[in-house]
Amino acid sequence: MTKKGHIILWIVLLSVFALIVILFGAVFLVRRQNVVSVDGSELNYTSEEIITSAGIEYNSPIFMLDKDSAIARVEATFPNIKVVQIKTVSVMGIEICVRSRYPMYYALDNNNYYVLDEELKILEISSNQPENLIRIDEELGITSSNKVCDFVGSELQSSVADGLFTAMYEYVTDITGERVDRDGIKELITSIKLEDVGYYVLNIQTRAGVKIRIARPSENLGYKVNVCFATYNKLASGETSGTITAGTIKFLYDSNGNEIIGYSLED
């Protein structure tokens, strides 16, 4: 390449670089922020409050946003909001996609009741025992310093609690064949507990009195819940030998890793 060609190449490269600088410095900036409720629920807070809590400043470089930190700030401010994602919708606009959080579980610690959603976020702390929620009968690492908006429990505990809700919501029906909703799940279950027996077992106490034991709940929980509650519905409806209000439905494994599925009157 000739000297003249090198000069032309450098001019082109510098021009492109200058254009990029101009675009990122003057065009690709946050000018619009909107809040979208992805489940259509009414939020208890205004869009302006949520946008302010996210802390994304006007004219911030839109492709360099720390979205995870913005999500954490919103979650730390509003107990009843889950930020699903912060989405870039144009070179100047973002959407903060949110949905409502709802009480699902509760835990007792030091005479305080901690109302939790399915991801084990603290929605409320009360001295009064909650009604119509599922009790978690295990330590969640709660301390006196925990406050509303904190997440509690280990990664496994949170994953299993959330996974159980999702599995129930997607696969389980009541004895009439209707798919259970959030309230229906709470009507079926009174408490849950993880037990370490060399591998983890999820113990579910139903309000009818039947217990359900599911081994390795972090694996294929939807399938296991579907199998166990199909059996539960047969027992609860009297389809077998009269209505059953005791005993244990088991989805366990033998020493060779084979599934053991069944019902017995003993634990």
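The following exchange sets values from a predicted model against the definitions behind them.

Reader: What kind of model is this, and which residues and atoms enter the values?
Author: This is a predicted model, in which local features need pLDDT of at least 70 and side-chain atom pairs count only at pLDDT 80 or more, while totals for chains, interfaces and linings use all residues. Residues are numbered from 1 along each chain as its sequence is written, and side-chain values use heavy atoms, with hydrogens and water left out.

Reader: How many helices and strands does the protein have, and what makes a segment count as one?
Author: The protein has six helices and twelve strands. Both are DSSP runs numbered from the N terminus: a helix is H or I with at least four residues, and a strand is E with at least two.

Reader: What share of the residues is called buried, and what is the cut-off?
Author: Of the 267 residues, 41% count as buried. Buried means under 20% relative accessible area, exposed means over 50%, and partly exposed lies in between (1.4 Å probe, protein chains only).

Reader: Why is C149 called buried, and why is C228?
Author: C149 has a relative accessibility of 8% and therefore counts as buried. C228 has 1%, so C228 counts as buried as well.

Reader: How many disulfides are there, and what would make a pair count?
Author: A search of the whole structure finds zero disulfides. A disulfide would be a pair of cysteine sulfur atoms within 2.5 Å.

Reader: How do you know that the span of helix 4 agrees with its length?
Author: The expected span of a helix is 1.5 Å times one less than its number of residues. Helix 4 (residues 155–171) has 17 residues and should therefore span 24 Å; its end C-alpha atoms are 24 Å apart, which agrees.

Reader: Which residues of helix 4 are buried, and what covers them?
Author: The buried residues of helix 4 are Q157, S158, V160, A161, L164, F165, A167 and M168. Their cover includes strand 4 (105–109), helix 5 (182–188), strand 8 (189–196), strand 9 (200–206) and helix 6 (221–236).

Reader: What makes the phi of L120 and of N220 notable?
Author: Most residues other than glycine have a negative phi. L120 has a positive phi of about 65 degrees although it is not a glycine, and N220 has a positive phi of about 50 degrees, again without being a glycine.

Reader: Where do L120 and N220 lie, and is each buried or exposed?
Author: L120 is in the loop between strand 5 (112–116) and strand 6 (122–126); its relative accessible area is 1%, so L120 is buried. N220 is in the loop between strand 10 (211–215) and helix 6; its relative accessible area is 58%, so N220 is exposed.

Reader: How many salt bridges are there, and why is the pair of R101 and E75 called one?
Author: The structure holds twelve salt bridges. The term requires a side-chain nitrogen of Lys or Arg within 4 Å of a carboxyl oxygen of Asp or Glu; R101 and E75 meet at 3.0 Å, N to O. R101 lies in the loop between strand 3 (93–100) and strand 4 and E75 in helix 3, so the pair ties together parts that are 26 residues apart in sequence. R101 has 4% relative accessibility and therefore counts as buried; E75, with a relative accessible area of 7%, is buried.

Reader: What does the salt bridge of K121 and E75 tie together?
Author: K121 and E75 meet at 2.8 Å, N to O. Because K121 lies in the loop between strand 5 and strand 6 and E75 in helix 3, the pair ties together parts that are 46 residues apart in sequence. Both K121 and E75 are buried.

Reader: What does the salt bridge of R99 and E118 join, and which residues form a network?
Author: R99 and E118 meet at 3.7 Å, N to O. R99 lies in strand 3 and E118 in the loop between strand 5 and strand 6, so parts that are 19 residues apart in sequence are tied together. R99 is buried, and so is E118. Salt bridges that share partners join E75, K82, R101, D117, E119 and K121 into one network.

Terms used. Contact = heavy atoms within 4.5 Å.
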